[in-house]
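Dear colleague,

I am passing on the structure we talked about, and below it I set out what I found on going through it. Please read the notes with the coordinates open beside you.

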Amino acid sequence: MKNAKTFHNGASLPLADIPRMDSHDFLQGIIDATDNGWRLSSLFGIPEGNETTLYAILSYKVGGLLGVASTTVGEAFPSITPLCPQAHLFEREIAEECGVLPQDHPWLKPVRFQRPFVKGKDAWGRKDAEGILPGVTDFFRVEGEEVHEVAVGPVHAGVIEPGHFRFQCHGEHVFHLEISLGYQHRGIEAGAAGGPHPKTLFQMETVAGDTTIGHNQAYCMVLEALSGTGVPAKGEALRGIALELERLANHTGDLGAIAGDVAFLPTASYCGRIRGDFLNMTALLCGSRFGRGLVRPGGTGFDCTRQQVDELLSRIAKARADLTGAVEILWESASSMSRFENTGKVSPETARQLGLVGPAARACGLARDVRHDHPFGIYRMSQIPVVTAQAGDVHSRALVRWLEAQKSLDFLDEQLRQLPGGPHRTEVRSLAGERLAVAMTEGWRGEICHAAITDQAGRFVRYKIVDPSFHNWQGLAMALRDEQISDFPLCNKSFNLSYCGYDL
Amino acid sequence: MTHILIHILLVLLMPPLLLGVIGKTKAFFAGRVGAPYLQPYYDIWKLMRKGSVFSETTTWLFRAGPIVTLSVAVTASLLIPLGNHSAPFSFAGDMILFAYLFGLARFFTVAAALDTGSSFEGMGGAREATFSCLAEPTLFFALVVLARLSGSLSLSTMLTGSITTLWPDSAPSLILLAGSLFIILLAENCRVPFDDPNTHLELTMIHEVMVLDHSGPAFGYILYGAAMKLFVLGAFFLHIAFPFKAGDPFLDWGVFIIAMLLLAVVIGIVESIMARLRMVRIPQILVASTILAAFALVLVLR
């Protein structure tokens, strides 16, 4: 982005250094940058009186660059979504939160069905007295004599998170899928404003419960960037170990769930158990299977003794053997492969336009991985190879998970054997005022981006979280185009996106 | 009289056990202990004690569905000979009644599903109707082949009398029949690879999605009726694939029970080692089974 201030992942900069452009240059800059291979990692607004300041955080994989720019808009600004589809949800979010209208947005609807930040400043002109019900809005409709609509959720036949899905079908053939979420909006960002509060740390661990480490590491990196704290080597290594254990547990669970959806029992049941083994390894480190309390500002909440390292190494070797066996019978099962291949295809072009992240993007051949492109923590010292697949179908997404799991196992082995000594945590000093900090981590679903802006006293004016699911839900909708409706659960599992990470 | 009593007792008591055995086999392949063999009985008993919820938009059709399904399964079970014993009821042409009894049950299940007005149940009904259209010719080709071979139009004479003696001469056509009937057995009873009875994904199911709105005793009837259908069609399949005669009437009952349990194990193994087919592939497999049965007919007509 021309004239944008560039910096690196996990850094902070004074607000005065952020270029303030006029809105035309700002929006055109985003369009040009995304045309030239930059990604829109975050785009958010802060309402101040009658005006709203918009901040854009863009990322560029070459050189690990992040760029930031800002502008001020009044009641409305021209929508860039038609030219830059990545901005689609960000613009809807800005409309919902700040009451600023992106003009000519092709599909302007609420994202989470929440109240605007500033009372009375509602983009849809809803009164304060009116209740806002999630999912009550317009939906895309296909008209025709033999076209029918299937609505699924928010209450499902299985025990899963609430989400509403609308299919426009012709028999079993899906023309279009529209996904409407927001049922789990808890106001995490609003809760962090004026913080950090003592409870903020615990809220960050539950942004998406299965990505505790990923989100909490990003939050801790923000605090460390704002306070200028350096994390000791052992703390960084332990955080990396925890992040990879989280990835392994979830990738294993996903492979099992994908197998379960095509009724291939052996892999489904074995992976279910092995996922538990990985969760228990995290519990060995900190007493919580999901890693609550492990990552703490300035390092980790727990040390790791020699006995724990030995125990982990032996458990990892055993889990690796089990997982290899369980996954290999899946690849050898012709009936499963015929279900996976050519199901739920997303083209690389679509993936690039929508700005997909994580395994879903890598399955389309896009080599995007924050650990590699914008290295943070231990990944600055020790690289993990980026795995990609080409087809962009369910098979590719499953394959990427398995290959990544293997790389993570190698990484764990290496890190545990050379675990540095010394302290695992340092004190975090007070936060600097009037600064912006951006931290990105690669959670198991993909890029997690946290951005914080502080006031003079070092308190958060705005804390913005972008969960990888925020980028990827639209990818699932596209994967279903021209598919069979009966393949939806399989496609859904192959993405396995977070509802609460999106709803915040 | 004793044998009729044994027939009725077996038909009433044994079907859920088959589901238990299938479940146990699948658990074995998955490395789990699995639910007890008698779990399906507990489940049905649990459902019988529960209350029912009926949507206000449904009519008598919705309530009739489960009752018709169960009574049809019971009636069909009285027409099918078990092992080496004739059925309690038999007359010339009962094979047509047998085949269309299941058609009647299907009509009521689909009608009850459509009665709810739910889009899922409509989809399930459409799938069930499509697939059963394709499965029906196979059953009729099989019945025609058997009628031709045995010279009888009654199931009891057709299935108990002569199949053992027919095997040496008509092996090719009987092998084709056994293959196509096994496919129909799995498809009609909604087993993997056609349908997954364990899934709870409303968009992929066939049979289960049609009964989503049933609860309590009505759902218990459906489970019980489905188990009985598996039992009846399984017994039909065994007549052709395993026409073993012990000679002693009581030993024959023992052989039949063991053969049924083995069949359940085989179904469990198929379910453990195969993934579900993509839904667009199901019609192809069903047509293939019809072709197998048609060839069997060609072979006996020559």
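A residue is taken as buried here if 20 or more other C-beta atoms lie within 10 Å of its own. Please keep in mind throughout that this is a predicted model. With that cut-off, 7 of the 9 residues of strand 6 of chain A (residues 65–73) are buried, so this strand is largely enclosed by the rest of the structure.

Strand 6 is a convenient place to begin, as several pairings meet there. Strand 5 of chain A (residues 51–60) runs antiparallel to strand 6 of chain A and is joined to it by 9 bridges, and within this pairing Ala56(A) has Ala69(A) as its bridge partner. The two strands form a hairpin with 4 residues between them, where Gly63(A) takes a positive phi near 80°. Strand 1 of chain A (residues 5–8) also pairs with strand 6 of chain A in the antiparallel sense, over 4 bridges, with Lys5(A) bridged to Val68(A). Strand 3 of chain A (residues 20–21), by contrast, pairs with strand 6 of chain A in the parallel sense over 2 bridges, and there Arg20(A) stands opposite Ser70(A).

Turning to chain A as a whole, its secondary structure comes to 16 helices and 16 strands. The radius of gyration of chain A is 22 Å, close to the 23 Å that the globule rule gives for 504 residues, so the chain is as compact as a globular protein of that length. Along the principal axes, the C-alpha atoms of chain A fill a box of roughly 65 × 60 × 45 Å, and 54% of the 504 residues count as buried. If one takes the contacts in chain A between residues at least 6 apart in sequence, 69% of them join residues at least 24 apart.

A second group of strands in chain A forms an open sheet of 4 strands in the order 2-14-15-16, with antiparallel pairing. Strand 2 (11–14) and strand 16 (460–466) of chain A stand at its edges with a single partner strand each, so one side of each has no neighbour in the sheet. From one strand to the next the twist averages 15°. Strand 14 (residues 435–443) and strand 15 (residues 446–454) of chain A pair in the antiparallel sense over 8 bridges, and Ala439(A) has His450(A) in strand 15 of chain A as its bridge partner. Helix 14 of chain A (residues 468–479) packs on the sheet, where it touches strand 14, strand 15 and strand 16 of chain A, and its direction makes about 135° with that of strand 15 of chain A. Helix 5 of chain A (residues 212–227) lies across strand 2, strand 14 and strand 15 of chain A, running at about 150° to strand 14 of chain A.

Between the chains, 25 residues of chain A are in contact with 24 residues of chain B. On the side of chain A that touches chain B, strand 9 (147–152), helix 7 (265–286), helix 9 (334–340) and helix 15 (488–495) of chain A each supply at least two residues, and strand 9 of chain A gives the most, with 5 residues. By class, that side of chain A has 13 nonpolar, 9 polar and 3 charged residues.

In chain B, helix 2 (residues 15–29) and helix 10 (residues 216–241) pack at an angle of about 90°, with their axes 7 Å apart; helix 2 of chain B and helix 10 of chain B are therefore roughly perpendicular to each other. The contact brings Pro15(B), Pro16(B), Leu18(B) and Leu19(B) of helix 2 of chain B to Ala227(B), Met228(B), Leu230(B), Phe231(B) and Gly234(B) of helix 10 of chain B, and its residues divide into 8 nonpolar, 1 polar and no charged.

Finally, some backbone details deserve a look. Most residues other than glycine have a negative phi, and most peptide bonds are trans. Ala263(A), although not a glycine, has a positive phi of about 60°; it is placed in the loop between helix 6 (233–261) and helix 7 of chain A, and is buried, with 26 other C-beta atoms within 10 Å. Asn496(A), in the loop between helix 15 and helix 16 (500–503) of chain A, has a positive phi near 40° and counts as buried, with 22 C-beta neighbours inside 10 Å. In chain B, a cis peptide bond with omega of about 10° joins Val192(B) and Pro193(B), and Pro193(B) is found in the loop between helix 8 (163–188) and helix 9 (207–210) of chain B.

With best regards

Notes. Residues are numbered from 1 along each chain as its sequence is written. Chains are lettered from A and ligands numbered from 1 in the order in which they are written. This is a predicted model: local features need pLDDT of at least 70, side-chain atom pairs count only at pLDDT 80 or more; totals for chains, interfaces and linings use all residues. The radius of gyration is taken over C-alpha atoms; the globule rule is 2.2 Å times the number of residues to the power 0.38. A residue is buried if 20 or more other C-beta atoms lie within 10 Å of its own, exposed if 12 or fewer, and partly exposed in between; C-beta atoms are placed from the backbone. Two residues are in contact if their C-beta atoms, placed from the backbone, lie within 7 Å. Axes are lines fitted to C-alpha atoms, for helices over the stretch in contact, and angles run from 0 to 180 degrees between N-to-C directions. Angles under 35 degrees count as roughly parallel, over 145 as roughly antiparallel, 65 to 115 as roughly perpendicular and the rest as oblique. Ala, Val, Leu, Ile, Met, Phe, Trp, Tyr, Cys and Pro count as nonpolar, Asp, Glu, Lys and Arg as charged, and the others, Gly among them, as polar. Two strands pair if DSSP finds at least two bridges between them.
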